[in-house]
Amino acid sequence: MVVTDAGEARGYRPSATMPFVAEFRRQASRRRTQLALGFMVLLPLIILIAFQFDSGGDDDNGRNEFASLVELATSGGLNFTLFSIFVSASFLLVVVVALFCGDTVASEASWGSLRYLLAIPVPRARLLTVKLVVALAYSGLALILLAGTALLAGTLRYGWSPLRSTVAAELEPTEGLLRLLAVLGYLAVVLLVVAGLAFLLSVITDAALGAVGGAVLLWILSSILDQITALGALRDFLPTHFSTAWLGLLSTPVQTDDVVRGCISAISYATLFWGLAFWRFTRKDITS
């Protein structure tokens, strides 16, 4: 092996180690990736099948509001997609994003393979960057699969009809589709907070379940605190405060004030968490 004056093997390029495609394929072969993505495809189909068992009974026990949402969901493919997003956004998508981003580094540490990756040698910053980008790619893919499957299945079953909601007038299919794409984009930005928090916990602990569960629990805690009106203006600084601002994208006219604030908040939190993760990992003593 030829060694340069800098002590590196000739031809060694840090930027060429651990390529994105290789890591993407490696994560694709993992069972948790296959199950998570598979469930994103399966969920809209489960909802579609469940709608076929509607007994048509009267709505009682305070379920009138939810029943009206179900009625809207069965009025067209766009509405079915909106319903699928609505029932998934507050918890299921949070868990999926936390799984992809919280398991990525912690699992390597728990398997004892992390130090071998660094011994290749892969620079620590590059290892984290590639793993983060791959985790975000799979998180985005999960969101697309959920919406895409719901749109396809809903359209085949209920037809291509205008988008209707409880907060807006009827929207033509083309405009309704654009509104749904905007909703997906905003949700992707909001979920960056979960991605950042889970990724930070992933480099702190060797327990993947702790990183995933910790991110989900902290998100739920923030949601609970956001419901306490006594906190006043402090609630504006909670990462979940603008998590439902995407409803403004469905209104007529479109309400974007909270959407902009939500994007700024989410990007700020995500950047902070990712910065702490890189700072911690580049100084961490890797023993596993």
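Reader: In this predicted model, which residues does glutamine 27 touch, not counting residues up to four places away in sequence?
Author: The place of glutamine 27 is in helix α1, and the model that contains the residue is a predicted one. With neighbours up to four places away set aside, the residues that glutamine 27 touches are Arg32, Thr33, Lys131, Val134 and Tyr138.

Reader: Does glutamine 27 count as buried or exposed?
Author: The relative accessibility of glutamine 27 is 3%. The cut-off for burial is under 20% relative accessible area. Glutamine 27 therefore counts as buried.

Reader: With which residues is glutamate 23 in contact, leaving aside its neighbours within four places in sequence?
Author: Glutamate 23 lies in helix α1, which covers residues 20-28. With a relative accessible area of 4%, this glutamate is buried. Beyond its neighbours within four places in sequence, glutamate 23 is in contact with Met18, Val130, Lys131 and Val134.

Reader: Where in α2 does the kink lie?
Author: Helix α2 spans residues 31-51, and its 21 residues reach 30 Å from the first C-alpha to the last, close to the 30 Å expected. Its buried residues include Leu37, Met40, Leu43 and Pro44. The kink, of about 30°, comes shortly before proline 44, at leucine 42.

Reader: How many helices and strands are there in the chain?
Author: From the N terminus on, the elements run α-α-α-α-α-α-α-β-β-α-α-α-α. The chain therefore holds, by the definition of elements as DSSP runs, 11 helices and two strands.

Reader: Of the 288 residues of the chain, what percentage count as buried?
Author: A residue is buried when its relative accessible area is under 20%. Among the 288 residues of the chain, the share that counts as buried is 44%.

Reader: Among contacts between residues at least 6 apart in sequence, what percentage join residues at least 24 apart?
Author: One pair far apart along the chain is phenylalanine 278 and threonine 129, 149 residues apart, whose C-alpha atoms are separated by 8.8 Å. Taking the contacts in the chain between residues at least 6 apart in sequence, the share that joins residues at least 24 apart is 78%.

Reader: Against which helices do the buried residues of α9 pack?
Author: Helix α9 has 13 residues and reaches 18 Å from its first C-alpha to its last, close to the 18 Å expected. Of these 13 residues, 10 are buried, so the helix is largely enclosed by the rest of the structure. Among the buried ones are Val194, Gly196, Ala198 and Ser202. The buried residues of α9 pack against α5, α7, α8, α10 and α11.

Reader: How is α9 oriented to α11, given that their axes cross at roughly 15°?
Author: The axes of α9 (residues 192-204) and α11 (residues 257-281) come within 8 Å. The crossing angle is roughly 15°, and angles under 35 degrees count as roughly parallel. The contact is made by residues that include Leu192, Phe199 and Ile204 of α9 and Tyr269, Trp274 and Phe281 of α11. The crossing angle therefore makes α9, with respect to α11, roughly parallel.

Reader: Which residues of α10 make the contact with α9?
Author: The two helices pack at an angle of about 140°, with their axes 8 Å apart, and are therefore oblique to each other. The passage of α9 over α10 is a right-handed crossing. On the α9 side, the contact involves Val193, Val194, Leu197, Ala198, Leu201 and Ser202. On the α10 side, the contact is made by Ala211, Gly214, Ala215, Leu218 and Trp219.

Reader: Which residues of α7 make the contact with α9?
Author: The axes of α7 (residues 124-158) and α9 come within 11 Å and cross at roughly 140°. That angle makes α7 oblique to α9, and α7 passes α9 in a right-handed crossing. From α9 the contact takes in Leu192, Ala195, Phe199 and Val203. From α7 the contributing residues are Leu128, Leu132 and Leu136.

Reader: Which residues does phenylalanine 278 touch, not counting residues up to four places away in sequence?
Author: Phenylalanine 278 lies in helix α11. With a relative accessible area of 21%, this phenylalanine is partly exposed. Setting aside residues up to four places away in sequence, phenylalanine 278 touches Ala125, Leu128, Thr129, Leu132 and Phe199.

Reader: Which residues does a cis peptide bond join?
Author: Most peptide bonds are trans. One bond in this model has omega of about 0° and is cis. The proline concerned is placed in the loop between α10 and α11. The residues joined by the cis bond are threonine 252 and proline 253.

Terms used. Residues numbered from 1 in each chain as written. Predicted model: local features only at pLDDT ≥ 70, side-chain atom pairs only at ≥ 80, totals over all residues. Heavy atoms only, no water. Helix = DSSP H or I, 4+ residues; strand = E, 2+ residues; numbered from the N terminus. Expected span 1.5 Å × (residues − 1). Bend = angle between axes of the 7 residues up to and from the residue. Buried < 20%, exposed > 50% of the residue type's maximum accessible area, 1.4 Å probe, protein only. Axes fitted to C-alpha atoms, helices over the stretch in contact; angles between N-to-C directions. Parallel < 35°, antiparallel > 145°, perpendicular 65-115°, else oblique. Contact = heavy atoms within 4.5 Å. Left-handed = near helix turned anticlockwise from the far one by under 90°.
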